[in-house]
Amino acid sequence: MAKAEGASFVIDFEALRNDSAGLTNEGASYSEDGFTLVTSNPNNSNFFSVNAQDTPRYQGSVSFFDNNVNGEATLTKDDGSAFDLLSIDLDQLNTTGGAPVNFTGTKADSSTVNQSFTLDGVGVTDDSTRGFQTFNFTGFDNLLSVSWIQQAPFHHFDNITLSASNSLTTPEPSLVLGIISFGVLGFLGKSKK
């Protein structure tokens, strides 16, 4: 369930908690509080949730991973409006290694923004030191979608922090000047009578 934090929301997957199963197949899409996450891959990959303490992958809360290398996760807002991506928690899933996780955001003006994060390389067997790292995004505002690819070694993700986009369309200066001029002329015309 997405938790509101001021003007932001956190997609935390906690609605999927199932303490009787370590891993659960969630299918190719998942929706939570107005956002939908889908995965696409030639091998028909699915999302899995890590949701119980009986698996060494569990790090204190429910998390997600794409079940195929090169599976692409894409997040959009259900109503098609723009949003800002603020941060995400990432962790190695099975092994040691610091593979980068590359994110691509598509903005409302059709431009794109990219950012890459490299995990610390602490693997699933290093339970005393491993855990989620929080990565903050720069410039991922006014997005219509954001995508990232599951590369080896696998990663899982949690706590996707988003907010409604604050980007506003600025009117053309000539239009603003025209409206002001028209208003001034109207006022002057009235005052001469």
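1. Helices here are DSSP runs of H or I with at least four residues, and strands are E runs of at least two, numbered from the N terminus. Counted that way, the protein has one helix and 14 strands. Keep in mind that this is a predicted model: local features need pLDDT of at least 70, side-chain atom pairs count only at pLDDT 80 or more, and totals for chains, interfaces and linings use all residues. Residues are numbered from 1 along each chain as its sequence is written, and side-chain values use heavy atoms, with hydrogens and water left out.

2. Some overall figures. Of the 193 residues in the protein, 41% are buried (under 20% relative accessible area, with exposed meaning over 50% and partly exposed in between; 1.4 Å probe, protein chains only). The accessible surface comes to about 10,000 Å², and carbon and sulfur atoms own 54% of that (Shrake-Rupley method, 1.4 Å probe; for residues, only the protein chains shown count as cover). Among contacts with a separation of 6 or more, 72% are between residues 24 or more positions apart (contact means heavy atoms within 4.5 Å).

3. How many salt bridges are there? The count is two, taking a salt bridge as a side-chain nitrogen of Lys or Arg within 4 Å of a carboxyl oxygen of Asp or Glu. One of them joins Glu 14 to Arg 17, with the closest N and O atoms 2.7 Å apart. Glu 14 is partly exposed at 26% relative accessible area, and Arg 17 is partly exposed too, at 33%.

4. Asp 141 and Lys 107 also meet in a salt bridge, at 2.7 Å from N to O. This pair links distant parts of the chain, 34 residues apart: Asp 141 sits in the loop between β12 (133–136) and β13 (143–149), and Lys 107 in strand β10 (residues 100–107). Asp 141 is partly exposed at 31%, whereas Lys 107 is buried at 16%.

5. Asp 84 deserves a look in the viewer. Its place is in strand β9 (residues 83–92). Asp 84 is buried yet has no salt bridge, and the nearest side chain of opposite charge is Lys 107, 7.7 Å away (Lys and Arg count as positive, Asp and Glu as negative; His and the chain ends are not counted). What Asp 84 does have is a 3.3 Å polar contact between its side chain and that of Ser 165. A polar contact is a pair of N or O atoms within 3.5 Å; within protein, one must be able to donate a hydrogen and the other to accept it, and residues adjacent in sequence count only if both atoms are side-chain atoms. Leaving aside residues up to four places away in sequence, Asp 84 touches several others, including Phe 140, Asp 141, Thr 161 and Ser 165.

6. Next, a hairpin. Strands β4 and β5 form it with two residues between them, and Asp 33 in the turn has a positive phi of about 45°. The pairing of β4 with β5 (residues 35–40) is antiparallel over four bridges; strands pair if DSSP finds at least two bridges between them. Ser 31 stands opposite Thr 36 in β5. Which side chains of β4 (residues 29–32) are buried? Tyr 30 and Glu 32, pointing to one face, are buried, while Ser 29 and Ser 31 point to the other and are not.

7. Finally, Thr 55, in the loop between β6 (47–50) and β7 (63–66). Thr 55 counts as buried because its relative accessibility is 8%. Thr 55 touches Gly 22 and Val 50, not counting residues up to four places away in sequence. The C-alpha atoms of Thr 55 and Ala 21 are separated by 8.7 Å, with these positions 34 residues apart along the chain counted as their separation.
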